[in-house]
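Hello,

Here is the structure we talked about handing over. Please open it first, then read the notes below it.

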Amino acid sequence: MKTKTIALLAIAAVVVSTAVVGMAMAAKDGQAGNSNVAHLYLYEKDSGWNIVEDGAWGKMKYNLAGPTFDFVFNGHELEPNTDYSLIYYADGWPGDHPGALIASGTSNKGGNIHLAGSPDLGMDLPDSADANYPDGAKIWLVLSDDYDGTNTKMTVWNPTDYLFENNLITYEDTDV
């Protein structure tokens, strides 16, 4: 009897730990439980769109709904002292309609960047004119020199210098 109890407890421990690991993996990108907060990882990718191991990366925390797009983004292993723009890239090229500039800033001498804000995007993500609608929106960190923030479009293509989303996101603008 004691052996069966120990065996059942061991099996239960494996099931619980597997479930916890599975939940942690699922929460890596996407919604955090039932809250209004979600996370998105951005990565440096190679020409086959695979994540570059030990490459540049970033994490964005954002609200899934609200009158403004509340977010915090931290990027790492970037080019030092370089101007970057965090953008909503709406497919197709050059992403000008209905793309959006979310924020811009300069990486520090260590290659890190911190961006935060609450821009009023004036639209849901993805916008219905985006080729990815209704699946989700692409969020990229690009060189500011390669992006026209006024016309919200890419002007040059240097993908080895950018960070790309790991998953598409959705956001509901509650006052549109």
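**The buried lysine**

K138 is buried, and its relative accessible area is 17%. That value is under the 20% cut-off, so K138 counts as buried. Keep in mind that the model is predicted.

Where is K138 found? It is in strand β9, which covers residues 138-143. Its side chain meets the side chain of D91 in a salt bridge, at 2.8 Å from N to O. The two partners come from distant parts of the chain, 47 residues apart: K138 is in strand β9, and D91 is in the loop between β6 (83-89) and β7. The salt-bridge count comes to one. The side chains of K138 and D91 also make a polar contact, again at 2.8 Å. Beyond its neighbours within four places in sequence, K138 is in contact with I87, Y88, Y89, D91, N132, E165 and L168.

**The fold as a whole**

The protein has one helix and 13 strands. Read along the sequence, the helix comes ahead of the strands: α-β-β-β-β-β-β-β-β-β-β-β-β-β. Of the 176 residues, 39% are buried. Take the contacts between residues at least 6 apart in sequence: 62% of them join residues at least 24 apart. The exposed area is about 9,600 Å², and carbon and sulfur atoms supply 54% of it.

**A buried acid without a partner**

D127 is found in the loop between β8 and β9. D127 is buried, yet it has no salt bridge. Which side chain of opposite charge is nearest to D127? That is K138, and it is 15 Å away. A salt bridge needs a distance within 4 Å, so D127 and K138 do not form one. Leaving out residues within four places in sequence, D127 is in contact with Y88, P98 and Y133.

**Two cis peptide bonds to look at**

- D91 and G92 are joined by a cis peptide bond, with omega about 0 degrees. G92 sits in the loop between β6 and β7.
- L125 and P126 are joined by a cis peptide bond too, with omega about -5 degrees. P126 sits in the loop between β8 and β9.

**The loop between β5 and β6**

E77 is in the loop between β5 (71-76) and β6. Its phi is positive, near 65 degrees, and E77 is not a glycine. E77 counts as exposed because its relative accessibility is 55%.

N81 is in the loop between β5 and β6. N81 is not a glycine either, and its phi is positive at about 50 degrees. Is N81 buried or exposed? It is exposed, with a relative accessible area of 56%.

K109 touches P80 and N81, not counting residues up to four places away in sequence. K109 itself lies in the loop between β7 (100-106) and β8 (113-117). K109 and P80 are 29 residues apart in sequence, but their C-alpha atoms are 4.7 Å apart in space. K109 counts as exposed, at 75% relative accessibility.

**A tryptophan patch**

Which residues make the nonpolar surface patch of about 380 Å²? They are W49, W93 and W157. W157 is in the loop between β11 (153-154) and β12 (163-165). W157 is partly exposed, with a relative accessible area of 37%.

Best wishes

How values were computed. Residues are numbered from 1 along each chain as its sequence is written. This is a predicted model: local features need pLDDT of at least 70, side-chain atom pairs count only at pLDDT 80 or more; totals for chains, interfaces and linings use all residues. Side-chain values use heavy atoms; hydrogens and water are left out. Helices (H or I, at least four residues) and strands (E, at least two) are DSSP runs, numbered from the N terminus. A polar contact is a pair of N or O atoms within 3.5 Å; within protein, one must be able to donate a hydrogen and the other to accept it, and residues adjacent in sequence count only if both atoms are side-chain atoms. Contact means heavy atoms within 4.5 Å. Buried means under 20% relative accessible area, exposed over 50%, partly exposed in between (1.4 Å probe, protein chains only). Lys and Arg count as positive and Asp and Glu as negative; His and the chain ends are not counted. Patches are made of residues with over 30% relative accessible area and no salt bridge: like charges are joined within 9 Å, nonpolar side chains (Val, Leu, Ile, Met, Phe, Trp, Tyr) within 5 Å. Accessible areas come from the Shrake-Rupley method with a 1.4 Å probe; for residues, only the protein chains shown count as cover.
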